[in-house]
Amino acid sequence: MFFELRVYAMQPGKGPEFVKYMDEELIPYQRSKGMTILASFLNDAEDTYVWIRRFKDEAEKEALYDAVYNNDHWRDEIAPNLPALMDVDNLDVTILRATPRSYMQ
């Protein structure tokens, strides 16, 4: 099992609006496709959004990426809204593996 830590830079002043979009649209959509989303955060400055997704293995990640991103709903309904809320060219994705005594397993 591994985790994906995703860090997004917000467009100026759009942090709270992005959180609402994530909570009401994007996260429910991804969960409906089978994605496990453990947590999401907005920093105090409201200019950085962080969230954590969990995968059983690389095969599951590939299958879920395909289910979430390779369809008309993502391309036509979700993706077009993102550039107004976040800097789509300024994101960081880090793969994390839990240590033996980590509570997140």
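Buried and exposed charges in a predicted model

Q: In this predicted model, why is Glu4 called buried?
A: Glu4 has a relative accessible area of 0%. Buried means under 20%, so Glu4 counts as buried.

Q: What makes Arg53 buried or exposed?
A: The relative accessibility of Arg53 is 0%. That is under 20%, so Arg53 counts as buried.

Q: How do you know that the side chains of Glu4 and Arg53 meet in a salt bridge?
A: The N to O distance is 2.6 Å. A salt bridge needs the nitrogen within 4 Å of the carboxyl oxygen, so the pair qualifies. Glu4 lies in strand S1 (residues 2-10) and Arg53 in strand S3, so the pair ties together parts that are 49 residues apart in sequence.

Q: What makes the meeting of the Arg53 and Gln30 side chains a polar contact?
A: The distance given for these side chains is 2.6 Å, and the cut-off is within 3.5 Å. Arg53 also makes a polar contact with the side chain of Tyr69, at 3.1 Å.

Q: Why is Lys20 called partly exposed?
A: Lys20 has 48% relative accessibility. Partly exposed lies between under 20% and over 50%, so Lys20 fits that class. Glu24 also counts as partly exposed, at 48%.

Q: How do you know that Lys20 forms a salt bridge with Glu24?
A: Their closest N and O atoms are 2.9 Å apart. The limit is within 4 Å, so this counts as a salt bridge. Both residues lie in helix H1 (residues 15-32), four residues apart, about one turn of the helix.

Key:
Residues numbered from 1 in each chain as written. Predicted model: local features only at pLDDT ≥ 70, side-chain atom pairs only at ≥ 80, totals over all residues. Heavy atoms only, no water. Buried < 20%, exposed > 50% of the residue type's maximum accessible area, 1.4 Å probe, protein only. Polar contact = N/O pair within 3.5 Å; in protein donor to acceptor, adjacent residues only side chain to side chain. Helix = DSSP H or I, 4+ residues; strand = E, 2+ residues; numbered from the N terminus.
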